[in-house]
Amino acid sequence: MRYAIAGFLHESNTFNPLITDRAAFAAQYWKTGPQILSDWRGGNHELSGFIDACETDGIEMLPILMATATPSGPVEDAVLDEAADIVCSELKRHPSDGLLLALHGAMVAVSYPDADGELLRRIRQTMGPDYPVVVTFDLHGNISEQMIENCDAAVTYRTNPHMDQHETGERAAALLDQIVIEKRQVYQALAKPPLIISLAVQDTSQEPLRGLMAGFPHWDQDPAILDSSFALGFPYADVPQMGPAVIVVADEDEEKARLEAAAFAEHVWQMRHRMTARLVEAPEAVALAMTAKETPVVLVDFGDNVGGGSAGDGTVLLAELLRQGATRFVVCLADQAAVQACALAGINGQVRLQVGGKVDRLHGDPVEVSGRVRVLHDGTYEEPEVRHGGRRVNHMGLTAVLELPGESLLVLNSYRHPPFSLGQLTCLGINPSRMRIIVVKAAIAYKAAYRGVARTIIEVDTPGLTAVNPARFEYRNIRRPIFPLDPI
Ligand SMILES: [Zn+2]
C-alpha cells in the first residue's frame with residue numbers, strides 16, 4: 001500500500017495588489033521528494049499528521065511536493081501551473097493507491113478565483129475519477145463546489161487558533177484508509193450559508209463558535225457519518241465561494257450527508273446576528289492600554305493582520321503610541337529598507353529612519369523614529385510547541401531591534417511575519433512579559449502563543465487590507481445577497 005503526499009497552501013487576500021510569486025514560496029517553503037518527510041515528520045502541521053499516520057500504519061509514502069507562502073495577494077498563474085505539473089506528473093509516473101493533499105482552501109491565482117479547485121480539477125483530469133483523493137483545508141478555506149466535486153473527501157481544522165492541524169491530517173489519512181483499504185463508498189455534501197463571519201468572533205474557544213463546534217462530537221458518534229467540518233471562511237477574498245461552508249462525509253448515505261449539512265448551515269444562519277463585531281478605534285485603544293492596570297496589554301491590529309494577507313508594515317498603532325507618549329511598547333514591522341539601514345549602522349549604531357507605511361496607502365503613513373540598534377539577527381527561529389500554522393522552523397529574514405525612547409522597542413523584519421510564536425520576540429532577547437504594551441498584527445491566531453503572557457487584550461478597528469468591518473471593502477464577485485452586507 002502506498003499513499004502519495006503533497007501540500008500546496010496559500011491564503012490569498014484579493015484586495016492586496018502584491019502578487020505572490022515563486023520567490024515568496026521559496027522564502028518560506030518549496031521542496032519536492034523525500035526531503036519533505038524529514039522536514040515535516042513529528043511536527044504539528046497536517047502534513048506531519050499524514051506522515052505520522054502512514055508510518056504508524058506501515059503505509060509506504062510517495063512524497064511529491066510541499067509548498068507554502070505567507071498570506072498575501074493572489075498567486076501568480078505560473079506558480080499554480082508549476083505545482084499542478086509536479087503533482088500530476090509524479091502521480092502518473094509512480095504508482096500509488098491514493099493521494100493525501102494539504103490545501104488551504106482560500107488560494108486565488110491571478111486567472112483562477114478558485115485555485116484550489118483548479119488544482120483538484122487538474123489532478124482528477126490526470127488520474128481519472130477512480131483514483132482516491134482526500135484533502136485537508138484550513139478552517140479559513142472558502143470551500144467551493146469545484147473543490148468538493150474533484151475530491152473523494154475533504155476535512156478542515158476545527159479550531160482557531162489552529163491547534164488541531166496534526167489531528168486533521170490524521171482524520172484525512174483515516175478517511176483514505178476507509179476508501180482504499182475498507183473499500184467504502186463515500187459521499188460528501190457541501191452547504192454554504194449566505195453570510196460573512198467576522199474574524200473577530202472566529203475564536204472557537206469562545207461563544208458563539210464554541211457552542212457550534214460542540215456539535216461535531218454528535219456527528220463523530222454517528223456510524224453513518226465518517227467526518228464533518230465547518231469552515232469559517234476568509235472574508236478578504238472577492239470570489240464567488242467566499243464564506244463559511246459545512247462539509248459532511250457520509251458512508252453510503254448520500255441523502256443523509258446532504259440533510260445533515262443543510263441542517264447545520266441553517267443553524268449557523270439563525271445565529272448570524274452573533275457573527276458580527278464592533279471594535280474600538282486606535283486613539284481610544286491606546287489610551288485604554290496606557291491606563292490598564294493588568295499588563296502586558298496586547299493591542300490587536302486587526303486591519304494589518306499579516307496572517308490575513310495584509311502589508312505587515314502598518315503604522316496606525318505605532319503613530320498613535322508615539323503621539324500619546326506611551327512607554328515600554330513593542331511593535332513589529334516588515335520593512336526591509338529599514339533593516340538594511342540598521343545593518344549598515346551596526347550594533348549600537350544610532351539611526352533616524354522613516355519606517356513602515358511603504359507598501360500601500362491603506363495602513364498609515366511612514367513614521368519617523370530615531371533610536372539605537374540593539375540587535376541584528378538572521379531571523380530564523382524554532383517553535384517547539386503546538387502553535388497556529390503548525391510550523392517548527394520560522395523565517396523572518398534579517399531582523400533588527402531598534403531601541404526607542406521610553407524603553408520601547410521596534411522590531412524590523414525583512415519578511416512579513418505573523419505573530420504565531422513568542423519566538424518572534426524571544427529569539428531577539430525580548431521578554432514579552434516585561435513589556436507594557438505589545439502590538440500584534442493579527443486577529444485570533446496570535447492567541448495560542450500569547451495566551452500565557454497577555455493580561456489585557458484590546459482588539460482595535462484599524463484600517464487596512466484585513467479591516468474587521470466588511471463594509472469597508474468593495475466586493476464585486478461574491479455571492480449576493482449576503483449577510484451582513486445586504487438585507488436578506
Ligand atoms: Zn486559518
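These exercises, each with a worked solution, concern a predicted model.

**Exercise 1. Overall build**

Decide how the radius of gyration of the protein compares with the globule rule for 488 residues.

*Solution.*
- Start with the secondary structure: the protein has 15 helices and 19 strands.
- The radius of gyration is 22 Å, and the globule rule gives 23 Å for 488 residues. The two values are close, so the protein is as compact as a globular protein of that length.
- Along the principal axes, the C-alpha trace spans about 65 × 50 × 40 Å.
- Next, burial: 63% of the 488 residues count as buried.
- Last, contacts: among those with a separation of 6 or more, 74% join residues 24 or more positions apart.

**Exercise 2. The nonpolar cores**

Find which residues of the largest nonpolar core touch the most other members.

*Solution.*
- The largest nonpolar core has 70 residues, and Phe8 and Leu100 touch the most other members.
- Helix α4 (residues 77-93) supplies the largest share of this core, eight residues.
- Now take Phe8 alone. Its contacts beyond four places in sequence include Phe25, Trp30, Val79, Leu80, Ala83, Met107 and Leu119.
- Another core lies apart from this one, with 43 residues, among them Val300, Val401, Tyr446 and Ala454.

**Exercise 3. A buried alanine**

Place Ala442 in the chain and state which residues it touches.

*Solution.*
- Ala442 lies in the loop between β18 (437-440) and α15 (447-450).
- Its relative accessible area is 1%. The cut-off for buried is under 20%, so Ala442 is buried.
- Beyond four places in sequence, Ala442 touches Val300, Asp301, Phe302, Asp304, Asn305 and Pro419.

**Exercise 4. Aromatic geometry**

Classify the ring pair of Tyr29 and Trp40.

*Solution.*
- The structure holds 12 aromatic pairs.
- For Tyr29 and Trp40, the ring centres are 5.2 Å apart and the planes meet at 85 degrees. Planes over 60 degrees apart count as edge-to-face, so this pair is edge-to-face.
- Tyr29 belongs to strand β2 (residues 29-32) and Trp40 to helix α2 (residues 35-40), so the pair ties together parts 11 residues apart in sequence.
- Both Tyr29 and Trp40 are buried.
- Elsewhere, ring pairs link Phe15, Phe234, Tyr236, Phe473 and Tyr475 into a cluster.
- Charges also meet rings. The charged end of Arg122 sits over the ring of Tyr112, 5.4 Å from its centre. The charged end of Arg272 sits over the ring of Phe483, 5.8 Å from its centre.

**Exercise 5. The buried side of a helix**

Determine how the buried residues of helix α12 are arranged around the axis.

*Solution.*
- The buried residues of α12 (residues 316-323) are Leu317, Leu318, Glu320 and Leu321.
- These residues cover an arc of only 165 degrees around the axis, which puts them on the same side of α12.
- The general rule is that an α-helix has 3.6 residues a turn, so residues three or four places apart point the same way.
- After α12 comes Gly325, with a positive phi near 70 degrees.

**Exercise 6. Backbone exceptions**

Locate the cis peptide bonds at Pro161 and Pro484, then the positive phi values at Lys183 and Glu407.

*Solution.*
- The bond from Asn160 to Pro161 is cis, with omega near 0 degrees. Pro161 is in the loop between β6 (153-156) and α7 (165-180).
- The bond from Phe483 to Pro484 is cis, with omega near 5 degrees. Pro484 is in the segment after β19 (456-460).
- Lys183 is not a glycine, yet its phi is positive, about 55 degrees. Lys183 lies in the loop between α7 and β7 (186-191) and is exposed, at 68% relative accessibility.
- Glu407, also not a glycine, has a positive phi of about 55 degrees. Glu407 lies in the loop between β16 (399-404) and β17 (408-413) and is exposed, at 61% relative accessibility.

Technical notes. Residues numbered from 1 in each chain as written. Predicted model: local features only at pLDDT ≥ 70, side-chain atom pairs only at ≥ 80, totals over all residues. Heavy atoms only, no water. Helix = DSSP H or I, 4+ residues; strand = E, 2+ residues; numbered from the N terminus. Buried < 20%, exposed > 50% of the residue type's maximum accessible area, 1.4 Å probe, protein only. Contact = heavy atoms within 4.5 Å. Core = buried A, V, L, I, M, F, W, Y, C linked by side-chain atoms within 4.5 Å. Phe/Tyr/Trp six-rings, centres within 6.5 Å; stacked < 30°, edge-to-face > 60°. Lys NZ or Arg CZ within 6 Å of the ring centre and 35° of its normal. Arc of directions from axis to C-beta. Rg over C-alpha atoms; globule rule 2.2 N^0.38 Å.
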